[in-house]
Amino acid sequence: MRIDIKQLFYLIALDKTQHFGQAAEMCHVTQPTLSMRLRNLEKELDVVLIKRSSRFEGFTEEGEKILKWAKTMQSAYDGLQAEAANFRQQLFGQLRIGIVPLTNLNPMLMLQKISALFPEIRFQVLSTNSENIIDRLNSNSLDIGICYLEKANTQQHEIYALKQTELGLLFHRNHFMPSTRTISWHEAVKQPLALLNKENHFRQSVDLAF
């Protein structure tokens, strides 16, 4: 019996997404191709792995056990690729990045530059809040975090500062017209401002400035 390792990767993708269409998208194949390859895997193993109806309904008991073996084989495959990349003096693997929404950083441009330098690297990007990013860095489920730090722990993390974010004042000319392109905080505080909620980091920065 000869099994194509890609079929095992398709099985793992289905476990991650719990959806045939999303799993196919993750694997960069069409949904019919993914479904066909998974049926081929079942035929080769002579066991039903997936509960099917009009949509994905989970794995059979046998499928859950095969899925564990598939994950073990994926880890071994990644290790093999990493070792080969090391011989070629290249970086290989998955770079896990957590990022908060920022106005002064385009994450896609950053990923494009990293990918150009290290084409063997794959990316997993998570958009979330600063607290979750720091927790995930501490638990080793993220490699890089781009977030706000109120209290930086330089002993636990390597920290690099990004450029400052500029804030803008959106106003209606019938009610307020500044005399210059920039205004001071003293002038802004005199206006009846509509602000973001207090949990938002930009709001916290504004409050500190005031």
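Is Q124 buried, partly exposed or exposed? Q124 is partly exposed, because its relative accessible area of 41% falls between the 20% and 50% cut-offs. This report describes a predicted model.

**Q124 and R96**

Q124 sits in strand β4, which covers residues 121-127. Leaving out residues up to four places away in sequence, Q124 touches Q94, L95, R96 and I97. One of these partners, R96, belongs to strand β3, residues 93-99. R96 has a relative accessible area of 19%, so R96 counts as buried. The cut-off for that class is under 20%. R96 in turn touches Q124, N140, S141, L142, D143 and I144, again without counting residues up to four places away in sequence.

Q124 can also be placed against D4. The two residues are 120 apart in sequence. Their C-alpha atoms are 25 Å apart in space.

**Helix α1**

D4 caps the N-terminal end of α1. A side-chain oxygen of D4 lies 3.0 Å from the backbone nitrogen of K6. Helix α1 runs over residues 5-17 and has 13 residues. At 1.5 Å a residue, α1 should span 18 Å. Its end C-alpha atoms are 19 Å apart, which agrees with that expected span.

Which residues of α1 are buried? They are Q7, L8, F9, Y10, L11, I12, A13, L14 and T17. Q18 follows α1 and has a positive phi, near 60°.

**Helices α2 and α3**

Two packed helices are described by the angle between their axes and the distance between the axes. For α2 and α3, the axes come within 8 Å and cross at roughly 95°. That angle makes α2 roughly perpendicular to α3. From α2, the contact involves F20, G21, A23, A24 and C27. From α3, the residues are Q31, L34, S35 and L38. By class, the contact of α2 with α3 has six nonpolar, three polar and no charged residues.

**Positive phi in two loops**

H28 lies in the loop between α2 (20-27) and α3 (31-45). D46 lies in the loop between α3 and β1 (50-52). H28 is not a glycine, yet its phi is positive. D46 also has a positive phi in a residue other than glycine. The table sets out their values.

| Residue | Phi | Relative accessibility |
|---|---|---|
| H28 | about 60° | 73% |
| D46 | near 55° | 70% |

Are these loop residues buried or exposed? H28 counts as exposed because 73% is over the 50% cut-off. D46 is exposed for a like reason, with a relative accessible area of 70%.

**S130 in helix α6**

S130 is placed in helix α6, residues 130-138. With a relative accessible area of 9%, S130 is buried. Which residues does S130 touch, not counting residues up to four places away in sequence? The partners are V100, C147 and Y148. H186 is 56 residues from S130 along the chain. The C-alpha atoms of S130 and H186 are separated by 29 Å.

**Recap**

Q124 in β4 is partly exposed, while its partner R96 is buried. Helix α1 carries a cap from D4. Helices α2 and α3 cross at roughly 95°. The loop residues H28 and D46 are exposed, and S130 is buried.

Methods: Residues are numbered from 1 along each chain as its sequence is written. This is a predicted model: local features need pLDDT of at least 70, side-chain atom pairs count only at pLDDT 80 or more; totals for chains, interfaces and linings use all residues. Side-chain values use heavy atoms; hydrogens and water are left out. Helices (H or I, at least four residues) and strands (E, at least two) are DSSP runs, numbered from the N terminus. Buried means under 20% relative accessible area, exposed over 50%, partly exposed in between (1.4 Å probe, protein chains only). Axes are lines fitted to C-alpha atoms, for helices over the stretch in contact, and angles run from 0 to 180 degrees between N-to-C directions. Angles under 35 degrees count as roughly parallel, over 145 as roughly antiparallel, 65 to 115 as roughly perpendicular and the rest as oblique. Contact means heavy atoms within 4.5 Å. Ala, Val, Leu, Ile, Met, Phe, Trp, Tyr, Cys and Pro count as nonpolar, Asp, Glu, Lys and Arg as charged, and the others, Gly among them, as polar. The expected span of a helix is 1.5 Å times one less than its number of residues. A polar contact is a pair of N or O atoms within 3.5 Å; within protein, one must be able to donate a hydrogen and the other to accept it, and residues adjacent in sequence count only if both atoms are side-chain atoms.
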